[in-house]
Amino acid sequence: ARLAPGMAPMSPRWWWRAFGFARGAPPPSRRDSIGKGWAAWLRSAVAVVLRSGGPIPKHVAIVMDGNRRFAETRGLRKERGHEFGAEKLLEVLEWSLALGVECLSVYAFSTDNFKRSETEVDVLFQLAERRLDEMATSPVIHDRRVRVQVLGELHMLPPGLRRAAANAMAATAAHSCGPVLN
C-alpha cells in the first residue's frame with residue numbers, strides 16, 4: 001500500500017484504503033476460514049508496519065518440536081498437542097503469506113519419529129493427511145498461488161498420506177510464481 005498525497009501513515013483513512021476497503025466500508029466482521037475476517041485484516045495491518053521496519057526473510061524454516069511437551073504440561077493427550085501444533089502452523093503460514101515470505105519449509109516428521117508409539121505415529125500421519133487434503137482445495141492456497149511440495153522419504157509413508165501429498169502437489173504444481181510451502 002502506498003501513501004496518497006497528504007495522508008499520514010497512521011491515519012484511519014490511510015489504513016482503510018491501504019487494505020482495500022471502500023470509503024466508509026468497515027473491515028470484515030468475522031473469520032470463517034484461513035485468511036478471512038478480522039484476523040486477516042489485522043495481520044495485513046501489522047505486516048505493513050513490519051515490512052516498513054526492514055527486510056523480511058525470503059525463506060523461513062520451522063521444526064515442529066515440542067508439541068508433546070506442550071500437551072503434557074497442560075495435562076492433555078499427546079495427540080492433542082500435535083493438533084495444537086498443526087493449528088499454530090496454519091497461523092505461521094498466514095503470517096508468512098501476509099509478510100511476503102517466499103518459502104516456508106516445515107520439518108514435520110523425521111525417520112526418528114518412527115520410534116514413537118504406533119498410535120502416536122498413526123495420529124501424526126492422519127493429521128498430516130487431513131491437512132494436505134485441505135491444502136489441495138484451500139481457496140487461500142490457490143488464491144495466493146502457493147506451491148505445496150512434500151519432500152523426503154515418501155515411500156516410508158502410508159498410502160493415504162502419500163495420496164494426499166501427491167494430490168496437494170498436483171493441485172498446486174502450476175503455481176510457479178507464488179510462495180512455496182515445503
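A residue counts as buried when its relative accessible area is under 20%, and that cut-off comes up in most of the views below. The model shown here is predicted.

**View 1. Valine 121, tucked into helix α5.**
At a relative accessible area of 7%, valine 121 falls under the cut-off, so it is buried. It sits in helix α5. Setting aside residues up to four places away in sequence, valine 121 touches Phe109, Asn113, Phe114 and Arg116. Take one of those partners, phenylalanine 109: it is 12 residues from valine 121 along the chain, and the two C-alpha atoms are 9.4 Å apart.

**View 2. Histidine 82 and its glutamate partner.**
Here we're looking at a residue of helix α4. Is histidine 82 buried or exposed? Its relative accessible area is just 6%, so it counts as buried. Its side chain makes a polar contact with the side chain of glutamate 120, at 2.8 Å. Glu120 has company around histidine 82: leaving out residues up to four places away in sequence, the others it touches are Asn67, Arg68, Arg116, Leu124 and Leu127. Arg116 also turns up among the residues that valine 121 touches.

**View 3. The largest pocket and what lines it.**
This pocket has a volume of about 1,200 Å³. Its lining takes in 41 residues, and the closest to the pocket centre are Val106, Tyr107, Ala108, Phe109 and Ala128. Which elements supply at least two lining residues each? They are α3 (67-73), α4 (78-99), β2 (103-107), α5 (118-137) and α7 (159-172). Helix α5 gives the largest share, with 7 residues. As for chemistry, the lining splits into 25 nonpolar, 10 polar and 6 charged residues.

**View 4. Leucine 181, in strand β4.**
Strand β4 covers residues 180-181, and leucine 181 is part of it. Leucine 181 has a relative accessible area of 7%, which means it counts as buried. What does leucine 181 contact once neighbours within four places in sequence are left aside? The list runs to Leu93, Leu104, Val106, Met135, Val146, Arg147, Val148 and Gln149. Gln149 is a nice case of sequence distance versus space: leucine 181 and glutamine 149 are 32 residues apart in sequence, yet their C-alpha atoms are 6.1 Å apart.

**View 5. The largest cavity, with leucine 181 in its wall.**
How many cavities of 30 Å³ or more are there? The count comes to 1. The largest cavity has a volume of about 60 Å³. Its lining is made up of Leu93, Ser96, Leu97, Val101, Glu102, Cys103, Leu104, Val146, Pro179, Val180 and Leu181. Two or more of these come from each of α4, β2 and β4, and α4 has the largest share, with 3 residues. By type, the lining divides into 9 nonpolar, 1 polar and 1 charged. Leu93, Leu104 and Val146 from this lining are also among the contacts of leucine 181.

**View 6. Two cysteines, one buried and one exposed.**
Cysteine 103, which helps line the largest cavity, has a relative accessible area of 15%, so it counts as buried. Cysteine 177 is another story: at 77% relative accessible area, it counts as exposed. How many disulfides does a search of the whole structure find? The answer is 0.

**View 7. Arginine 145 and its positive phi.**
Most residues other than glycine have a negative phi. Arginine 145 isn't a glycine, but its phi is positive, at about 60°. You'll find it in the loop between α6 (139-143) and β3 (147-148). Its relative accessibility is 38%, so arginine 145 counts as partly exposed.

**View 8. Stepping back to the whole chain.**
The close-ups all come from a chain with 7 helices and 4 strands. In sequence order the pattern reads α-α-β-α-α-β-α-α-β-α-β. Of its 182 residues, 34% count as buried, and histidine 82 is one of the buried residues. Looking at contacts between residues at least 6 apart in sequence, 64% join residues at least 24 apart.

Note on methods
Residues are numbered from 1 along each chain as its sequence is written. This is a predicted model: local features need pLDDT of at least 70, side-chain atom pairs count only at pLDDT 80 or more; totals for chains, interfaces and linings use all residues. Side-chain values use heavy atoms; hydrogens and water are left out. On a 1 Å grid over the protein atoms alone, a cavity is a set of points where a 1.4 Å probe fits but cannot get out, and a pocket is an open set with protein on both sides within 12 Å along at least five of seven lines; lining residues have an atom within 4 Å of a point. Grid points are joined across faces, edges and corners, and a volume is the space filled by probe spheres set on the points. Ala, Val, Leu, Ile, Met, Phe, Trp, Tyr, Cys and Pro count as nonpolar, Asp, Glu, Lys and Arg as charged, and the others, Gly among them, as polar. Buried means under 20% relative accessible area, exposed over 50%, partly exposed in between (1.4 Å probe, protein chains only). A polar contact is a pair of N or O atoms within 3.5 Å; within protein, one must be able to donate a hydrogen and the other to accept it, and residues adjacent in sequence count only if both atoms are side-chain atoms. Contact means heavy atoms within 4.5 Å. A disulfide is a pair of cysteine sulfur atoms within 2.5 Å.
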